[in-house]
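Ready for a walk through a protein in your viewer? Open the model, switch on the cartoon view, and follow the stops below.

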Amino acid sequence: MKKLLNLKMLLMLSLVTFLVSCDNDSDLYDVPYITFGEVVISENSTIIESDLGNTLVVSNPQILERAKVESGDRIYGIFHFVEPSGNGQNTKVIELGFVYKILTKDIVALTPENEKEISDDAIAPVDLWLSGDYLNFNYTFFTDGVTTHYLNMVTVDNPKKNEEGYQYVEIRHNANYDYDKFVGQYTGIVSFDIKDMVEADPSLKGFIVRIKTTSVGERFYKLNLKEKDAEHSVEGLSSESMDAVQ
């Protein structure tokens, strides 16, 4: 049986704007910060290119190795600053205290051929937000601990909501009939790549996201691109990646 996520760890942290200058640099070392970004590993350094456009030089890359994070992977991390500056204004040296490898996926079109596989099972949304080139979904569901679940974001031919300037998409969950033998609860984050969609439509204002929720059924969420990188909370994550979700 695959190890279940440890939900005793409750992280109620807000995304904070990266500080490139401070009246008292020592203040940077007193509080934890969080980041979402892409890991880039070279022969001489390990860095995180954050969604906010900053470069975080990792002073303890061994924590990434233990989490099986490779170059090009997307992560959520909690860190402290350890040096006041790196090689540039937007560069800081950090020490990671927690890392979670994020599943990333492209948006796909829903078709008669893939509709059954993609399915539309209920899921519990925790948070939904835009940052960098991604639409991020923080979720939770109950599971038997061995069944692989699937998460996808799809476009559809007949949107249930229409608003000028907004792209309609649906988050779809396939629980693979994992309904009645609950032995634990998974929570995690999946990031859907929106870069091509945004670049293809310069007039795009944002997204309307439809989710079938476990609490109230069908719900619709409106995300504005102008509010990208706004503060949000992330809770209940384990340091292990969600290898039971694809």
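## Stop one: an enclosed strand

Select strand β8, residues 124-131: 6 of its 8 residues are buried, so this strand is largely enclosed by the rest of the structure. Keep in mind as you look around that this is a predicted model.

Now add strand β9, residues 134-143, which pairs with β8 in the antiparallel sense over 7 bridges. To see one facing couple, show Pro 125 and find Tyr 139 opposite it in β9. The hairpin of these strands has 2 residues between them, and there Gly 132 takes a positive phi near 55°.

## Stop two: the nonpolar cores

Show the side chains of Leu 128, Leu 135, Phe 137, Phe 207 and Val 209. These have the most contacts inside the largest nonpolar core, which has 24 residues. Which element gives the largest share of this core? Strand β9 does, with 4 residues.

Zoom in on Val 209. Beyond its neighbours within four places in sequence, Val 209 is in contact with several residues, among them Leu 128, Leu 135, Ile 171 and Phe 220. For a second, separate core of 15 residues, select some of its members, including Tyr 33, Val 58, Val 69 and Phe 81.

## Stop three: an open sheet

Colour five strands next: they form an open sheet in the order β7-β10-β11-β13-β14, with mixed pairing. Why does one side of β7 and of β14 lack a neighbour in the sheet? Both stand at the edges, each with a single partner strand, so one side of each is left free of a sheet neighbour.

Start at the β7 edge, where β7 pairs with β10 (residues 150-155) in the parallel sense over 2 bridges. Pick Val 108 and look for its bridge partner, Val 154, in β10.

Move on to β13, where 7 of the 8 residues are buried. On one side, β13 pairs with β11 in the parallel sense over 6 bridges, and Ile 171 stands opposite Ile 211 of β13. β13 is also joined to β14 by 8 bridges, and these two strands run antiparallel. A hairpin of 3 residues links β13 to β14; Arg 210 stands opposite Phe 220 in β14.

While Phe 220 is on screen, add Lys 161, whose charged end sits over the Phe 220 ring, 5.0 Å from its centre. You can find another such arrangement with Lys 222: its charged end lies over the ring of Tyr 166, 4.6 Å from the centre.

## Stop four: aromatic partners

Select Tyr 33 and Phe 79, both buried. Their ring centres are 5.9 Å apart and their planes are at 25°, so the pair is stacked. Tyr 33 belongs to strand β2 and Phe 79 to strand β5, 46 residues apart.

Then try Phe 36 and Trp 129. Here the ring centres are 5.3 Å apart with planes at 65°, so this pair is edge-to-face. Phe 36 counts as buried at 2% relative accessibility, and Trp 129 is buried with a relative accessible area of 4%. Add Tyr 76 and Phe 98 to complete the picture: with Phe 36 and Trp 129 they form one aromatic cluster.

## Last stop: a hidden arginine

Finish at Arg 74, in strand β5 (residues 74-83). Is Arg 74 buried or exposed? Arg 74 is buried, with a relative accessible area of 4%. Show Ser 191 as well, and you will find a polar contact of 2.9 Å between the two side chains. Arg 74 also touches residues including Phe 36, Glu 38, Asp 51 and Tyr 100.

Conventions: Residues numbered from 1 in each chain as written. Predicted model: local features only at pLDDT ≥ 70, side-chain atom pairs only at ≥ 80, totals over all residues. Heavy atoms only, no water. Pairing = 2+ DSSP bridges. Buried < 20%, exposed > 50% of the residue type's maximum accessible area, 1.4 Å probe, protein only. Polar contact = N/O pair within 3.5 Å; in protein donor to acceptor, adjacent residues only side chain to side chain. Contact = heavy atoms within 4.5 Å. Core = buried A, V, L, I, M, F, W, Y, C linked by side-chain atoms within 4.5 Å. Phe/Tyr/Trp six-rings, centres within 6.5 Å; stacked < 30°, edge-to-face > 60°. Lys NZ or Arg CZ within 6 Å of the ring centre and 35° of its normal.
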